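Please find below my notes on this entry, set out as numbered points. They cover surface exposure, domain layout and ring contacts.

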Amino acid sequence: MSFVSIRDVRFSYAQEGEQPVVNAVDGVSLDIEKGEFIAVIGHNGCGKSTLAKHLNAMLLPDSGSVVIDGDDTSVEENTYTIREKVGLVLQNPDNQLVASIVEEDVAFGPENLGVEPSEIRRRVDEALKAVDMYEYREHAPHKLSGGQKQRVAIAGILAIQPQCIVLDEPTAMLDPSGRQEVISTLLKLNREQKMTVVLITHYMDEAVLADRVVVMDSGKILIQGTPDEVFSQVELLKKHRLDVPQSAELAFRLTGCGLSLKSIPLTQADCVAMLEEAMR
Amino acid sequence: MVRDVAFGQYFPGKSLIHRLDPRAKILMFIAYIVIIFCTFNFAALGVTVAFTALYLILSRISPKFYFKSLKIIIFIVIFTSLLNLFYGTGDPLWQWGIFKITLNGISRAVFVSVRIICLILASSCLTFTTSPNELTDAIERLMKPLKVIHFPVHEIAMMMSLALRFVPTLLEETDKIMQAQKARGADMESGNLFKRVKALVPILIPLFVSAFRRAYDVATAMECRCYRGGAGRTRMKQIHLSKRDVVAFITLALVIGGVIVCNIFVTSVL
């Protein structure tokens, strides 16, 4: 069985007794394997954040099931085992840091789990090194840049030693350099530590880096597949008011003008190479 | 503007004072407050001043910051010393109507100013050398016995440390909101007191709304990190009483002794 298995999950934010008007998540089924890097994209209100909160039992499905490593999230006793296995990083880096010193903040998670002090120290150092923030361990979080804060937030989750880390638009409030820092940290974690990463984002150029892209629209999964497969369907994405990476867009328009291209490029470098070839 | 207040800040360091057990520091601070209000003559005050000076020097924090911390209470110092100046008894040195200055008044004024300044310096020394987390941790441990009567010790400590964590964030936010309102033509600097207080409303409302939103986010983030109250929690930084703390307590005891001796044996100037 997959590490995460989501089966026909439906969820609505309607209060109890109220008739649900729309389901924020409306019949989603998804499997996530260990070590995968998945990007979930979709525009605002498509249910991607709601789905993220289902992965660590912050929200429980109205119907359907979410099973993490064999544990069903709807069983109350599993809640904390699941949160130890799946860490969730939120959008606003300021509101995730709970202590006034970086290392004490990173220690917050393991402290909650009742880990031995010497072991907490080891985990904190390791987590801070993994996100390249070790030399800032005694700084105050409010003096860090957005990207640094978000990396500390990731370290705070890593110190819990989860098997999967879910990030809900972690770069939405960051400047370009901060975004770059966070994304390269995630790639490093995925490549070097085989961490399962679920990245929720609305930046297409981030999604391109994933092993698998899941596109959501009105609470449903529209398409999923490798970045190549997904972003070659430019027309479908556009119909649902979704962006595609700039280079894919360019290729799409060129094709529309009658230029025949072998594949849709996803990165700038690919795009340049493709154009060079087409010019010849 | 609001951000360069030195009072209550923490400066990381490795000085002797930094390394004292925070519990010891808090207990000593409480004892210190009692002592400073039990000094009845200049000799006793001198002993406490010397003690304060010793700690300030040992804290290895630039005097600049101590001066800064005094800046915000300078008004209170002047106000109370003026009051005391005119309340002296004895032969007036100078008189104008009901206002008279006496030798007794002057010494009282000096005495009170020194007391207040010492108090502020000592509390600055405590907050400068103790991280907010150490402080709340120490308070949590010191209040632990209260758990017996179902006093929510952990919750209060958690609340305090979160409040301290978000002070700079909220200050920043206040600054931003003020600028945003100014950009829309809000006038906060002119008019009488009533008008100025009223001008604060458009700042406070967005600030509160955003604080509530933040609170919700923080709670979510804490839950994501397996927070479930104080039961079963461990701490990364263990605090133990060490030899240093014993030495600190001994100096404190000596100072208490000195103050008592001075109070009894030196004839009062007041």
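1. B:Leu93 is exposed, because its relative accessible area is 55% and the cut-off for exposed is over 50%. This residue belongs to strand E1 of chain B. The model is a predicted one, and the values in this note should be read as such.

2. B:Leu93 is one of the residues in a nonpolar surface patch. The other members are B:Phe42, B:Trp94, B:Trp96, B:Ile98, B:Phe99, B:Leu103, B:Ile106 and B:Val110, and the patch has about 980 Å² of accessible area in total. Two elements of chain B each supply two or more residues to the patch: strand E1 (92-96) and helix H5 (103-129).

3. On the domain layout, chain B is split into domain 1, made of residues 1-130 + 240-270, and domain 2, made of residues 154-239. Taken over C-alpha atoms, the centres of domain 1 and domain 2 of chain B are 32 Å apart.

4. How many aromatic pairs are there over all chains? The count is 9. Among them is the pair of A:Phe11 and A:Tyr13, with 5.0 Å from centre to centre and 90° between the planes, which makes the pair edge-to-face. The two partners are covered to differing degrees: A:Phe11 has 9% relative accessibility and so counts as buried, whereas A:Tyr13, at 48%, is partly exposed.

5. In chain B, the ring centres of B:Tyr66 and B:Phe128 lie 5.2 Å apart with the planes at 45°, so this pair is classed as tilted. B:Tyr66 sits in helix H3 (residues 63-71) and B:Phe128 in helix H5 of chain B, so the contact ties together parts separated by 62 residues in sequence. Are B:Tyr66 and B:Phe128 buried or exposed? Both B:Tyr66 and B:Phe128 are buried.

6. The tilted pair of B:Tyr66 and B:Phe128 is part of a wider arrangement. B:Phe11 and B:Phe65 join B:Tyr66 and B:Phe128 in one aromatic cluster. Helix H5 of chain B thus appears twice in this note: it gives residues to the nonpolar surface patch, and it holds B:Phe128.

7. Two contacts between a charge and a ring should be listed for chain A. The charged end of A:Lys129 is placed over the ring of A:Tyr134, at 4.6 Å from the ring centre. Over the ring of A:Tyr203 sits the charged end of A:Arg179, with 3.5 Å to the ring centre.

Note on methods: Residues are numbered from 1 along each chain as its sequence is written. Chains are lettered from A and ligands numbered from 1 in the order in which they are written. This is a predicted model: local features need pLDDT of at least 70, side-chain atom pairs count only at pLDDT 80 or more; totals for chains, interfaces and linings use all residues. Side-chain values use heavy atoms; hydrogens and water are left out. Domain bounds come from an automatic or database domain assignment. Patches are made of residues with over 30% relative accessible area and no salt bridge: like charges are joined within 9 Å, nonpolar side chains (Val, Leu, Ile, Met, Phe, Trp, Tyr) within 5 Å. Accessible areas come from the Shrake-Rupley method with a 1.4 Å probe; for residues, only the protein chains shown count as cover. A salt bridge is a side-chain nitrogen of Lys or Arg within 4 Å of a carboxyl oxygen of Asp or Glu. Helices (H or I, at least four residues) and strands (E, at least two) are DSSP runs, numbered from the N terminus. Buried means under 20% relative accessible area, exposed over 50%, partly exposed in between (1.4 Å probe, protein chains only). Rings of Phe, Tyr and Trp (its six-membered ring) pair if their centres lie within 6.5 Å; planes under 30 degrees apart count as stacked, over 60 as edge-to-face and the rest as tilted. A charge sits over a ring if NZ of Lys or CZ of Arg is within 6 Å of the ring centre and within 35 degrees of the ring normal.
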